[in-house]
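Subject: Structure for you to look at

Hi,

Here is the structure I promised to pass on. Have a look at it first, and then read my notes below.

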Amino acid sequence: MRTISWPDGHKYAATISFDFDAEEVWIGENPANAQKPGVLSQGAYGARVGVPLILKLLQKHGVTATFFVCGRDAERHPDAVRAIVAAGHELAHHGYTHTNPTELSPEAEREELVRGLEVLRGLGGEISGYRSPSWELTAHTLDLLTANGFTYSSNRLDDIFPYELPGTELVELPVSWILDDAPHFWFANDTWEKTIRSPREVLDVWLPEIDGIAQLGGHVMITAHPMLIGRPSRLAMLDQVITHLLETGAWICTAAEAAAEVPR
Ligand code: ZN
């Protein structure tokens with residue numbers, strides 16, 4: 001079992017991360033969606049309405065977060081991305097298109113990484129982290145990240161502490177499905193299979209998990225999507241989650257800040 005001494009005597013750490021998926025996630029799911037303005041508008045909601053409301057909520061609590069952004073979404077919504085940077089939050093890489101790297105050739109994977117970096121840096125971001133659009137990596141990904149100056153990956157589901165990836169200089173900041181909003185709130189109207197959960201129900205899942213990680217002194221990684229969590233009822237839930245984190249002694253930090261605490 002790992003342990004980490006968090007700064008200023010905090011008993012555990014928490015990163016509030018957002019995957020800024022916007023239109024690209026729908027196109028990645030099905031290229032035919034590029035011709036469906038209704039489908040795409042679900043993603044646009046995140047950039048147009050979700051992000052400004054999220055920034056207001058984060059400002060209210062005085063906390064900073066990490067936004068993983070697709071390059072093509074950043075090109076579509078540069079003002080939303082600039083607002084994230086201007087508010088002092090961390091920008092990180094989430095692909096150029098929202099394509100699972102395991103479906104790309106090694107050359108295409110390299111191009112995606114470099115192009116996404118150029119776009120995000122062009123909007124003022126200092127990029128050190130990578131979360132793939134599928135939480136999946138190829139045999140080349142870690143070498144590509146190292147070669148392009150990244151310091152951390154946030155893709156694996158194998159711990160509640162960040163840790164150094166063996167044989168690399170990179171830190172892994174593990175994620176989990178339980179603290180991701182997508183399995184609870186993602187509704188796709190092409191299958192009608194997914195249920196829209198109540199915020200109360202999701203709070204009942206999230207708060208005990210947060211308390212469990214706190215007991216172990218670990219790192220809470222919340223993964224939310226502006227198009228999902230950015231609905232008013234769910235923002236009220238996120239408000240309660242942040243209040244709970246602060247009241248229970250979490251060190252709320254960006255992903256890059258958490259990665260820097262891993263003993264090397
Ligand atoms: Zn995504």
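To start with a small puzzle: is C253 buried or exposed? C253 is buried, since its relative accessible area is 0%. C70 counts as buried too, because its relative accessibility is 0%. As for disulfides, a search through the whole structure turns up zero of them. Please keep in mind throughout that this is a predicted model.

**The chain as a whole**

The secondary structure adds up to 11 helices and nine strands. Taken along the principal axes, the C-alpha atoms fill a box of roughly 50 × 45 × 35 Å. The radius of gyration is 17 Å, which agrees with a compact globule, because one of 264 residues would come out near 18 Å. Of those 264 residues, 55% count as buried. If you take the contacts with a separation of 6 or more, 73% of them are between residues 24 or more positions apart.

**The zinc site**

Next, the metal. The zinc ion is coordinated by D21, through two OD entries, and by H94 and H98, each through NE2, at 2.1 to 2.7 Å. The angles among the four donor atoms run from 52 to 132°, and the site is irregular. Along the sequence, the donor residues follow the spacing D-x72-H-x3-H. D21 and H98 link distant parts of the chain, as they are 77 residues apart. D21 is in the loop between strand 1 (12–20) and helix 1 (22–29), while H98 is in the loop between strand 3 (90–93) and helix 5 (106–122). Both ends of that pair are buried: D21 has a relative accessible area of 4%, and H98 has one of 10%.

**The nonpolar cores**

The largest nonpolar core has 67 residues, and I16, F18, F20, L58, F67 and L245 are the ones that touch the most other members. Helix 2 (residues 37–61) gives this core its largest share, eight residues. There is also a second, separate core of 18 residues, with W6, A13, A92 and A255 among them. To go back to L245, what does this residue contact once its neighbours within four places in sequence are set aside? The list is Y12, A14, I16, I210, I222, A250 and I252.

**Two more residues to click on**

Y45 sits in helix 2. Y45 is buried, because its relative accessible area is 15% and the cut-off is under 20%. Leaving out neighbours within four places in sequence, Y45 is in contact with G50, P226, M227, G230, R231 and P232. Another residue to compare is L228: Y45 and L228 are 183 residues apart in sequence, yet their C-alpha atoms are 8.9 Å apart in space.

D239 belongs to helix 10 (residues 232–247). Why does D239 count as buried? Its relative accessibility is 18%, and buried means under 20%. Again without neighbours within four places, D239 is in contact with L57, K60 and H61. From D239 to R200, which is 39 residues away along the chain, the C-alpha separation is 13 Å.

If you open just one view, I'd go for the zinc ion with D21, H94 and H98 around it.

Cheers

Terms used
Residues are numbered from 1 along each chain as its sequence is written. This is a predicted model: local features need pLDDT of at least 70, side-chain atom pairs count only at pLDDT 80 or more; totals for chains, interfaces and linings use all residues. Side-chain values use heavy atoms; hydrogens and water are left out. A disulfide is a pair of cysteine sulfur atoms within 2.5 Å. Buried means under 20% relative accessible area, exposed over 50%, partly exposed in between (1.4 Å probe, protein chains only). Donors are N, O and S atoms within 2.8 Å of the metal (3.2 Å for Na, K and Ca); water is not among the atoms, so sites may look incomplete. Four donors count as tetrahedral if all angles lie between 85 and 135 degrees; four count as square planar and six as octahedral if opposite donors are over 155 degrees apart and all others between 65 and 115; anything else is irregular. Helices (H or I, at least four residues) and strands (E, at least two) are DSSP runs, numbered from the N terminus. A nonpolar core is a set of buried Ala, Val, Leu, Ile, Met, Phe, Trp, Tyr and Cys residues joined through side-chain atoms within 4.5 Å. Contact means heavy atoms within 4.5 Å. The radius of gyration is taken over C-alpha atoms; the globule rule is 2.2 Å times the number of residues to the power 0.38.
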